[in-house]
Amino acid sequence: MIRRFHFKRIKDTSGVSGTGERIAEGAEMSNGMVCLTFLSPYPHMNMYLNIKICEEVHGHGGDTEIIWDDEEE
């Protein structure tokens, strides 16, 4: 089952993707792979092997929180 999430960012250390309640949206596939797209003026989409790698790349040292939109089965 696909599980949706979004990023809530407190501080944008890069100055590119912004801050706020919903700066990116993503989905975790049933095989664990993750698709992520940013809602900034510079939209792009990335794929990751799992949510942990996605968080390590975009977590900004704890300044970004993953908010799950769907409950875990």
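Me: How many salt bridges does the structure hold?
Reply: There are 4 of them in this predicted model.

Me: Okay, which residue does D70 form a salt bridge with?
Reply: D70 pairs with R4, and their closest N and O atoms are 2.8 Å apart. The two sit in distant parts of the chain: D70 is in the segment after β5, while R4 is in strand β1, 66 residues apart.

Me: And is D70 buried, exposed or partly exposed?
Reply: D70 is partly exposed, with a relative accessible area of 21%. R4 counts as partly exposed too, at 45%. The cut-off for buried is under 20%, so D70 at 21% doesn't make it into that group.

Me: What about R22, which side chains does it meet in salt bridges?
Reply: One is E25, at 3.4 Å from N to O. Another is D69, at 3.7 Å. R22 lies in strand β2 and D69 in the segment after β5, so this pair ties together parts that are 47 residues apart in sequence. Put together, R22, E25 and D69 are linked in a network of salt bridges.

Me: How accessible are R22, E25 and D69?
Reply: R22 is partly exposed at 39% relative accessibility. E25 is partly exposed at 32%, and D69 is partly exposed at 29%.

Me: Now a charged one without a bridge. Where is E28 found?
Reply: E28 is in strand β2, which covers residues 20-28. This residue is buried, yet has no salt bridge.

Me: Why does E28 have no salt bridge with R3?
Reply: R3 is the nearest side chain of opposite charge, and it is 4.2 Å away. A salt bridge needs the nitrogen and oxygen within 4 Å, so this pair misses the cut-off.

Me: Which residues does E28 touch, then?
Reply: Leaving out residues up to four places away in sequence, E28 touches M1, I2, R3, F5, M33, V34, I51 and W68.

Me: F5 is on that list, and I'd like to talk rings. How many aromatic pairs does the structure hold?
Reply: It holds 3. One of them is F5 with F7, a tilted pair at 5.9 Å centre to centre, with 40° between the planes.

Me: Are those two buried or exposed?
Reply: Both F5 and F7 are buried: F5 has a relative accessible area of 1%, and F7 is at 0%.

Me: What other aromatic pair does F7 form?
Reply: F7 also pairs with F38, this time edge-to-face, at 6.3 Å centre to centre and 70° between the planes. That links distant parts of the chain, with F7 in strand β1 (residues 3-9) and F38 in strand β3 (residues 34-38), 31 residues apart. F38 counts as buried as well, at 3% relative accessibility.

Me: So which residues do the ring pairs link into a cluster?
Reply: F5, F7, F38 and W68. W68 came up before, as one of the residues that E28 touches.

Me: Switching to the helix. Which residues of α1 are buried?
Reply: Helix α1 runs over residues 51-58, and I51, C54 and H58 are buried. Looking down the helix axis, the buried residues fall within an arc of 60°, so they line one face of α1.

Me: Why would residues spaced like that point the same way?
Reply: An α-helix has 3.6 residues a turn, so residues three or four places apart point the same way.

Me: And what is on the face turned away from the buried side?
Reply: That face of α1 carries K52 and E56, which are exposed.

Me: What happens at the start of α1, and what follows it?
Reply: At the start, a side-chain oxygen of N50 reaches to within 3.1 Å of the backbone nitrogen of K52. After α1 comes H60, whose phi is positive, near 50°.

Me: Last one: what does the backbone oxygen of H58 lie 3.3 Å from?
Reply: A polar atom of the side chain of T64. T64 is found in strand β5 (residues 64-68), and T64 is buried, with a relative accessible area of 7%.

Me: And which residues does T64 touch?
Reply: Not counting residues up to four places away in sequence, T64 touches F7, K8, R9, H58 and G59. F7 there is the residue that pairs with F38.

Note on methods: Residues are numbered from 1 along each chain as its sequence is written. This is a predicted model: local features need pLDDT of at least 70, side-chain atom pairs count only at pLDDT 80 or more; totals for chains, interfaces and linings use all residues. Side-chain values use heavy atoms; hydrogens and water are left out. Buried means under 20% relative accessible area, exposed over 50%, partly exposed in between (1.4 Å probe, protein chains only). Helices (H or I, at least four residues) and strands (E, at least two) are DSSP runs, numbered from the N terminus. The arc is that of the directions from the helix axis to the C-beta atoms. A polar contact is a pair of N or O atoms within 3.5 Å; within protein, one must be able to donate a hydrogen and the other to accept it, and residues adjacent in sequence count only if both atoms are side-chain atoms. Lys and Arg count as positive and Asp and Glu as negative; His and the chain ends are not counted. Contact means heavy atoms within 4.5 Å. Rings of Phe, Tyr and Trp (its six-membered ring) pair if their centres lie within 6.5 Å; planes under 30 degrees apart count as stacked, over 60 as edge-to-face and the rest as tilted.
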